[in-house]
Amino acid sequence: MLIQSICLRKLCAAAQTNSATTTAMAAAISLVHSTFLSKPSLFLCRNRVAAFAFSTTSAVSSDNLRTKKWRQPVMAASALEVGGVKISKEDVVRDDPTNNVPDTIFTKLGMQLHRRDQHPLGILKNAIYDYFDANYSNKFEKFEDLCPIVPVIANFDDVLVPADHVSRSYNDTYYVDSQTVLRCHTSAHQAEILRSGHTHFLVTGDVYRRDSIDSTHYPVFHQMEGVRVFSPEDWESSGLDATTYTAQDLKTCLEGLARHLFGAVEMRWVDTYFPFTSPSFELEIFFQEKWLEVLGCGVMEREILKRSGKTENYAWAFGLGLERLAMVLFDIPDIRLFWSSDKRFTSQFTKGQLGVKFKPFSKFPPCYKDVSFWISEAFTENNLCEVVRGIAGDLAEEVQLIDNFTNKKGMTSHCYRITYRSMERSLTDEEINELQSKVREVVQEKLKVVLR
């Protein structure tokens with residue numbers, strides 16, 4: 001109930017700040033009340049950057065990054081601002097057997113990179129807004145400041161995610177407690193927005209998934225999803241059945257969006273499967289001499305609409321990962337850069353200028369360290385990556401399995417290579433050795449493995 005109250009106050013403050021109408025205000029309040037008492041989302045990310053929601057440590061100043069000696073990442077503050085509302089650390093990082101949210105993830109709450117107009121993610125988001133405003137006469141309502149702390153029901157059940165789906169596991173999702181998570185996708189708000197009476201809307205936000213460490217994966221990323229609902233009068237005069245009419249409108253909309261972002265590119269539609277849409281599609285474009293998956297989409301399952309009180313309606317929905325598209329459009333080579341506060345990065349981008357190519361300011365040398373251990377049945381690679389991130393923060397560039405074998409006694413050994421590299425300075429042997437020593441210590445202690 002505390003989190004419910006926090007997010008309710010947050011939406012109220014946001015509505016007042018934006019001079020929203022009384023109707024919009026009431027809808028926002030209704031949305032929060034029902035969100036914390038009900039159900040989940042529509043798109044599950046298969047690839048944290050690439051995927052669409054049909055599916056790292058707080059930024060450090062450039063001065064601190066240039067210090068000669070690495071320092072343990074600072075523990076999260078006791079409270080932070082999310083949309084003008086304070087959320088206590090104890091609301092998110094709890095001494096609870098079902099809680100797996102680390103301090104480093106707590107520090108990301110409220111940063112909302114997608115709301116910074118001079119940030120690549122904000123620039124991309126606004127470009128998408130421009131397309132929908134221009135082509136749909138400002139019909140699409142925009143939600144971009146919804147609380148990322150949501151009920152399990154809202155994150156999974158409302159969008160028909162199966163009870164045994166891998167995304168529900170503690171290995172993949174950050175749980176505040178057994179009934180509350182950090183949203184895995186923006187579609188965690190979809191059902192409640194539908195229930196509140198909205199028929200055309202875009203939802204943008206920061207989403208959270210436990211994941212591997214490499215140049216395209218990060219435990220916090222940003223998504224946008226769009227939904228459009230149709231009434232019988234929309235398709236009855238077209239001569240098409242409702243599903244065909246909805247699918248055609250969806251494809252026309254998203255082909256126009258792709259041209260708006262990428263220019264006159266070749267496109268193709270690929271049939272796919274999602275549990276929340278039928279039929280389901282992926283849009284690919286031929287860009288920079290290769291096929292690129294842009295987004296996933298489909299005709300919304302009728303069950304989702306029926307549960308939202310829209311028994312006679314059809315709808316389409318799409319979802320896209322902002323980081324994936326921004327890395328392509330701005331030539332950003334490493335997802336960690338989005339979180340950099342170094343002016344050599346941030347000063348390269350300007351509000352409204354989509355596709356300005358990032359100019360690398362340096363490529364500092366990597367440092368490789370290996371760690372080998374006998375794994376237990378409970379071991380997962382995501383847990384290892386959480387340990388590495390918790391110790392090294394964004395100095396951890398990649399964690400890669402380079403060797404594994406099983407001996408005659410049935411014991412399995414894994415060897416992982418950890419790549420340490422700062423994007424802003426050269427690392428010293430002393431600090432890397434200190435990091436690696438700490439990694440070995442914590443891996444053995446928390447993951448219950450036997451070092452080799």
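Partly exposed means a relative accessible area between the under 20% of buried residues and the over 50% of exposed ones. The structure shown in these views is a predicted model.

**View 1. Salt bridge between arginine 168 and aspartate 157.** At 31% relative accessibility, aspartate 157 is partly exposed. Its partner, arginine 168, is buried, with a relative accessible area of 14%. The two side chains meet in a salt bridge with an N to O distance of 3.1 Å. Arginine 168 and aspartate 157 both lie in the loop between helix H7 (152–155) and strand E5 (175–177), so the pair ties together parts that are 11 residues apart in sequence. A search of the whole structure finds 22 salt bridges. Side chains of opposite charge can pair when their charged atoms come close.

**View 2. Salt bridge between arginine 209 and aspartate 172.** The closest N and O atoms of this pair are 3.4 Å apart. Arginine 209 sits in the loop between strand E7 (200–208) and strand E8 (220–230), and aspartate 172 in the loop between H7 and E5, so the salt bridge ties together parts that are 37 residues apart in sequence. Both residues are buried.

**View 3. Salt bridge between arginine 421 and glutamate 397.** Here the closest N and O atoms are 2.8 Å apart. The pair links distant parts of the chain, 24 residues apart: arginine 421 is in the loop between strand E15 (412–420) and helix H15 (429–447), while glutamate 397 belongs to strand E14 (residues 396–406). Arginine 421 and glutamate 397 are both buried.

**View 4. A network of salt bridges.** Arg115, Lys125, Glu144 and Asp145 are linked in this network.

**View 5. Helix H10 and its two ends.** H10 covers residues 242–262. With 1.5 Å a residue, its 21 residues should span 30 Å, and the end C-alpha atoms are 30 Å apart, which agrees. Aspartate 241 caps the N-terminal end of H10, with a side-chain oxygen 3.1 Å from the backbone nitrogen of threonine 243. After H10 comes glycine 263, which has a positive phi, near 90°.

**View 6. An open sheet of 3 strands.** The strand order is E4-E6-E5, and the pairing is antiparallel. Strand E4 (149–151) and E5 are the edge strands, each pairing on one side only. From one strand to the next, the twist averages 35°. E5 pairs with strand E6 (residues 180–182) over 2 bridges. Within this pairing, tyrosine 175 stands opposite valine 181 in E6.

**View 7. Strand E10 and its pairings with E9 and E11.** Strand E10 (residues 277–287) is mostly covered, with 8 of its 11 residues buried. Strand E9 (residues 266–274) runs antiparallel to E10 and is joined to it by 8 bridges. Phenylalanine 274 stands opposite threonine 277 in E10, and E9 and E10 form a hairpin with 2 residues between them. E10 also pairs with strand E11 (residues 290–300), in the antiparallel sense, over 9 bridges. In this pairing, phenylalanine 281 stands opposite cysteine 297 in E11. E10 and E11 form a hairpin as well, with 2 residues between them, and glutamine 288 in the turn has a positive phi of about 55°. Strands of a sheet pair through backbone hydrogen bonds, either parallel or antiparallel.

How values were computed: Residues numbered from 1 in each chain as written. Predicted model: local features only at pLDDT ≥ 70, side-chain atom pairs only at ≥ 80, totals over all residues. Heavy atoms only, no water. Salt bridge = Lys/Arg side-chain N within 4 Å of Asp/Glu carboxyl O. Helix = DSSP H or I, 4+ residues; strand = E, 2+ residues; numbered from the N terminus. Buried < 20%, exposed > 50% of the residue type's maximum accessible area, 1.4 Å probe, protein only. Expected span 1.5 Å × (residues − 1). Polar contact = N/O pair within 3.5 Å; in protein donor to acceptor, adjacent residues only side chain to side chain. Pairing = 2+ DSSP bridges. Axes fitted to C-alpha atoms, helices over the stretch in contact; angles between N-to-C directions.
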